[in-house]
Amino acid sequence: MRPPSSHRLAATLLLAGALVAGSGCGTAKSSPPGSIPADPAPSDSGLGGDGPPAATPAESRTMISVHVFDAAGELVGPISMPQVERSDQQWRELLSEEQFRVLRSSGTERPFCGALLDNKKAGVYTCAGCGLPLFASNAKFESGTGWPSFFQPIAPGNVAERTDRSHGMVRTEVNCARCDGHLGHAFDDGPRPTGLRFCLNSESLAFTDAEHLADLADPAASASPRDAKQAADAPGETRTAVFAGGCFWCVEAVFEELEGVVEAVSGYSGGDAATADYEAVCSGDTGHAEAVRIEYEPAKITFEDLLRVHLATHDPTTLNRQGADVGPQYRSAVFYADEDERARAERVLAEAAESGAFRGPIVTTLEPLGAFYPAEPYHQNYVCLNPNQGYVRSVAWPKIKKVREKFAEKLKQESPLER
Ligand SMILES: [Zn+2]
């Protein structure tokens with residue numbers, strides 16, 4: 001939900017036209033796209049600002065589920081809204097000639113020509129047709145191909161993919177999920193963490209500086225689906241997150257230290273109810289991981305912060321292993337409850353991979369949360385009840401020390417272990 005803090009704040013909008021207008025390479029423009037709604041369609045009408053009327057009434061249009069920015073410059077969602085549908089004539093009125101050729105006729109701009117190719121500023125790339133947020137600068141990389149390249153979309157639902165068999169090739173075409181505008185193609189030769197390369201046309205994108213994301217506020221962001229989410233952020237309201245990262249005694253103890261964490265419970269996730277017991281899980285072939293369910297108050301600590309603490313207090317680079325504990329039951333994992341949580345976890349993992357703080361690739365898995373099964377009572381509060389046990393002393397306490405040192409500002413006033 002929350003992009004890195006540098007992506008917040010407010011101010012003015014940098015429209016596509018301002019950047020694209022500088023484009024060379026003979027891609028003459030008929031006029032700057034000043035009338036393009038960066039402020040996308042209100043969900044009730046599908047219209048953007050003063051644009052021409054939509055070709056199809058809202059009620060008969062396909063619904064999509066996307067992430068958009070709210071008035072605080074925060075990416076929120078998923079939010080349900082209708083696709084934007086306009087006639088070619090209406091698009092021609094909104095777009096420059098070159099934008100129309102790329103977005104509406106699946107054209108490709110010449111390589112090394114696009115105005116956004118070398119843009120290294122922090123911010124967000126939106127659809128030049130409808131304003132939907134598509135890619136963030138922290139997923140942009142230098143591919144050497146001559147087109148702006150990204151390793152992942154800003155949210156999975158915001159881009160649509162389809163097979164493109166034109167020009168005697170089989171490629172994956174990438175389109176804007178809201179207006180179906182052609183953006184470019186996706187290839188599987190990208191960098192970590194996704195291995196994907198979204199190869200895009202500058203002409204299909206508009207860039208907004210990180211400090212001006214509030215200008216991208218979508219009217220739909222304040223509509224009903226988000227109100228429920230906001231209500232959940234009210235003081236006292238709680239949510240749960242499920243993480244795995246080796247021995248659950250240790251993971252549980254680490255999270256109990258954090259202000260905003262109401263309770264951490266040791267248990268099992270990834271397998272069936274029939275095998276959700278310690279003896280079976282120890283065999284390593286139940287699909288379960290030793291996991292911890294963290295009940296937290298989003299008003300006090302975010303999902304992102306929880307995951308950052310998790311990554312800092314176990315080793316997310318060792319596959320199916322934490323120190324001497326070896327086997328898939330000790331894997332590093334995030335069990336996500338919904339697509340929103342998955343997208344947020346993906347962003348934190350990408351941020352961690354970029355940070356250079358880890359010795360090797362992060363192998364933390366993102367797995368849909370089927371169910372969480374609390375472990376046997378003797379595994380609960382284990383560190384608190386057995387502070388001098390050998391394993392606890394050698395493995396758990398160093399992790400607790402780490403969270404106290406690295407996240408001092410996020411700790412409870414009094415540690416549950418010291419009571
Ligand atoms: Zn679009």
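A residue is called buried if 20 or more other C-beta atoms lie within 10 Å of its own, exposed if 12 or fewer do, and partly exposed in between, with C-beta atoms placed from the backbone. Leu311 counts as buried because it has 25 C-beta neighbours inside 10 Å. This is a predicted model, in which local features need pLDDT of at least 70 and side-chain atom pairs count only at pLDDT 80 or more, while totals for chains, interfaces and linings use all residues. Residues are numbered from 1 along each chain as its sequence is written.

Leu311 has its place in helix α7 (residues 303-313), where helices (H or I, at least four residues) and strands (E, at least two) are DSSP runs numbered from the N terminus. Leaving aside its neighbours within four places in sequence, Leu311 is in contact with Pro316 and Ala352, contact meaning that the C-beta atoms of two residues, placed from the backbone, lie within 7 Å. Leu311 and Val348 are 37 residues apart in sequence, yet 9.4 Å apart in space, C-alpha to C-alpha.

Two sheets can be described next, with strands taken to pair if DSSP finds at least two bridges between them. One is an open sheet of six strands in the order β18-β17-β12-β14-β13-β19, with mixed pairing. Because β18 (365-368) and β19 (372-374) stand at its edges with a single partner strand each, one side of each is left without a neighbour in the sheet. Neighbouring strands of this sheet are turned by 35 degrees against each other on average, direction ignored; axes here are lines fitted to C-alpha atoms, for helices over the stretch in contact, and angles run from 0 to 180 degrees between N-to-C directions. Helix α5 (residues 248-256) packs on the sheet, touching β12 (239-245), β13 (261-269) and β14 (289-296), and its direction makes about 165 degrees with that of β13. Helix α8 (residues 339-355) lies across β17 and β18, running at about 150 degrees to β17.

The other is an open sheet of three strands, ordered β4-β3-β11, with antiparallel pairing. Its edges are formed by β4 and β11 (205-209), each with a single partner strand, so one side of each is left without a neighbour in the sheet. In the hairpin of β3 and β4, which has five residues between the strands, Gly131 takes a positive phi near 85 degrees.

Strand pairs from both sheets are set out below.

| Strand pair | Bridges | Direction | Bridge partners |
|---|---|---|---|
| β17 and β18 | four | parallel | Tyr336 and Pro368 |
| β3 and β4 | three | antiparallel | Thr126 and Pro133 |
| β3 and β11 | five | antiparallel | Thr126 and Ala206 |
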